[in-house]
Amino acid sequence: MHGVIFKTIVTFLSAYAVIDIIIRLVGFFFKPINGDDVYVIIKVRNREKDLEYIVRSVVWRNLKQSGGGFVPNVLIVDMGSDDSTAAIARALADDYSFIYYITQEEYASFIDHF
């Protein structure tokens, strides 16, 4: 009787050790995404009415999908707006450290570096 209990405990601990090793290996090879490396680029033109909604939905969608642990950097590119889109984008960039605002010309020179 004691032999059966001993073999059951050894089998359980062995299976637990194998599962733990597999989890650690998977965690080593598939590290979580670092938010500093991910950018969502939003090109806008004359979107004063819905720019803030667009940015917020991108952020909330990523938070929801990551379980609350991931906020991407958001790059708002103004493609020559005639309304107050630029002012709204600058205000968002001033309020949040992960939101950036650039103009179409700055974006063109930015892309040329890659």
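**Close-up views of a predicted model**

**View 1. The open sheet.** Three strands, ordered β1-β2-β3, make an open sheet with parallel pairing. β1 (39-44) and β3 (99-103) are the edge strands; each has a single partner, so one side of each lacks a neighbour in the sheet. On average, neighbouring strands are turned by 20° against each other, direction ignored. Strands (E, at least two residues) and helices (H or I, at least four) are DSSP runs numbered from the N terminus. Two strands pair if DSSP finds at least two bridges between them. This is a predicted model: local features need pLDDT of at least 70, and side-chain atom pairs count only at pLDDT 80 or more, while totals for chains, interfaces and linings use all residues. Residues are numbered from 1 along each chain as its sequence is written, and side-chain values use heavy atoms, without hydrogens and water.

**View 2. The β1-β2 pairing.** β1 and β2 (residues 73-78) run parallel and are joined by six bridges. Lys 43 stands opposite Val 77 in β2.

**View 3. Helices on the sheet.** Helix α3 (residues 85-95) packs on the sheet and touches β1, β2 and β3. The direction of α3 makes about 145° with that of β3. Helix α4 (residues 104-112) lies across β1, β2 and β3, at about 100° to β3. Contact means heavy atoms within 4.5 Å. Axes are lines fitted to C-alpha atoms, for helices over the stretch in contact; angles run from 0 to 180 degrees between N-to-C directions.

**View 4. Ile 9.** Ile 9 sits in helix α1 (residues 2-29). Ile 9 is partly exposed (between buried, under 20%, and exposed, over 50% relative accessible area; 1.4 Å probe, protein chains only), at 45%.
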